[in-house]
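Welcome! Let us walk through this protein together, starting from its outside and ending at a single strand within.

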Amino acid sequence: MKKILVIGAGGQVGSVLTGELQTRYGFENVIASDVRPLSGFGGNFIGLDATDFEGLKRVVTDHGINEIYHLAAILSASGEKFPLDTWDINMKTFFNVLEVSRLHGVSKVFYPSSIAVFGQNAPKVDTPQSAPLCPTTVYGISKVAGENWASYYHQKYGLDIRSLRYPGIIGYQSPPGGGTTDYAVDIFHKAVQNKPYECFLEPSTMLPMIYMDDAIRATIELMEAPAASITVRTSYNLAGMSFSPAQLAASIKGHCPGFEISYTPDFRQEIADSWPMSIDDSVARKGWGWQPAYNLDAMTDIMASQLKLKYENHYSVV
Ligand code: NAD
């Protein structure tokens, strides 16, 4: 039977993924953990700093954990403010997951990578699976290193570790966590409150994105795929859609006709300019049947309607 630990369960992805895992595998079989104290998860939560090897080991052995989703990380934009701390946290937490897994009976691990692994020397359009990885951010450097360590633990110790290079993830359920694509969530919060949005990227900055439900489904489909179909042991390219801030604003105006956007690019523009505009995920499609379900307008419909409902019920976040 699966006994799952989610590390970083309080984040943008973790708060949605943990609920889906609990629905699918049984509430009692999925433990949420985070360095921040959190309520929710029906009380099935443990405070855990994943930089603490002994603490992680205790949780894994006490609860008979055999599968880990390791989501904790400092993201691209936050990471540039504290590069050395970001490297330490991103690598230390992952090494602890790898070593505790190897030594204490965890047989399967999910490790999210990112489109931030690509840099200026990768093709910008339809960036292939095998494009060179020369990232410009410390976050991207940590993800490239993590991908290679994942592959090493698979080859050397047989650990069944699987990974996706997530694009920017957009969902109404949770606030974003300090990435360069955060604008694509923040913009909806302003629009549905009839407030203008000041975008930190240029209007034409095209980036790969994915709707939250697609990202969660891709994660679970990858983890459920037969081992024989997993041919990439670093990390799979994953695509949902690509759009620019101007295109997103136009789509939002269909729901919020008076919506106004202005553009004041900051340091995140440079990061975005080093990333792909679109991703070729044909290896994932062929290997384990990946297929996204949401395009820009389908995502906008759900984001706008769900957030309108939330704010009508006095939600406040951005
Ligand atoms: P997030 O910043 O929203 O959440 C990360 C969570 O990890 C937070 O709740 C934080 O408290 C927790 N955390 C931080 N340090 C920790 C520690 N030492 N021990 C335990 N918990 C700790 O991030 P997210 O957006 O949910 O991203 C999840 C994963 O997906 C990350 O690895 C990220 O790199 C990757 N990813 C996300 C996106 C995206 O658009 N959200 C895109 C590409 C990749």
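How much area does the protein expose, and what share of it do carbon and sulfur atoms supply? In this predicted model, the exposed area is about 12800 Å², and carbon and sulfur atoms account for 54% of it. Charges are part of the picture too: there are 25 positive and 32 negative ones, and their mean positions lie 4 Å apart.

Now take in the overall build. You can trace eleven helices and twelve strands. The radius of gyration is 19 Å, close to the 20 Å that the globule rule gives for 318 residues, so the protein is as compact as a globular protein of that length. Measured out along its principal axes, the C-alpha trace spans about 55 × 45 × 40 Å. Of the 318 residues, 54% count as buried. Among contacts between residues at least 6 apart in sequence, 80% join residues at least 24 apart.

With that in mind, let us visit strand β9, residues 207–211. Five of its five residues are buried. In a regular strand, side chains alternate between the two faces of the sheet. In β9, both faces are covered: Leu-207, Met-209 and Tyr-211 are buried on one side, and Pro-208 and Ile-210 on the other.

Finally, look at the strands that pair with β9. Strand β7 (residues 168–170) runs parallel to β9 and is joined to it by three bridges; here Ile-169 has Ile-210 as its bridge partner. Strand β11 (residues 241–243) pairs with β9 in the antiparallel sense, also over three bridges, and Met-241 of β11 stands opposite Met-209.

Terms used:
Residues are numbered from 1 along each chain as its sequence is written. This is a predicted model: local features need pLDDT of at least 70, side-chain atom pairs count only at pLDDT 80 or more; totals for chains, interfaces and linings use all residues. Side-chain values use heavy atoms; hydrogens and water are left out. Helices (H or I, at least four residues) and strands (E, at least two) are DSSP runs, numbered from the N terminus. The radius of gyration is taken over C-alpha atoms; the globule rule is 2.2 Å times the number of residues to the power 0.38. Buried means under 20% relative accessible area, exposed over 50%, partly exposed in between (1.4 Å probe, protein chains only). Contact means heavy atoms within 4.5 Å. Accessible areas come from the Shrake-Rupley method with a 1.4 Å probe; for residues, only the protein chains shown count as cover. Lys and Arg count as positive and Asp and Glu as negative; His and the chain ends are not counted. The place of a charge is taken as NZ of Lys, CZ of Arg, CG of Asp or CD of Glu. Two strands pair if DSSP finds at least two bridges between them.
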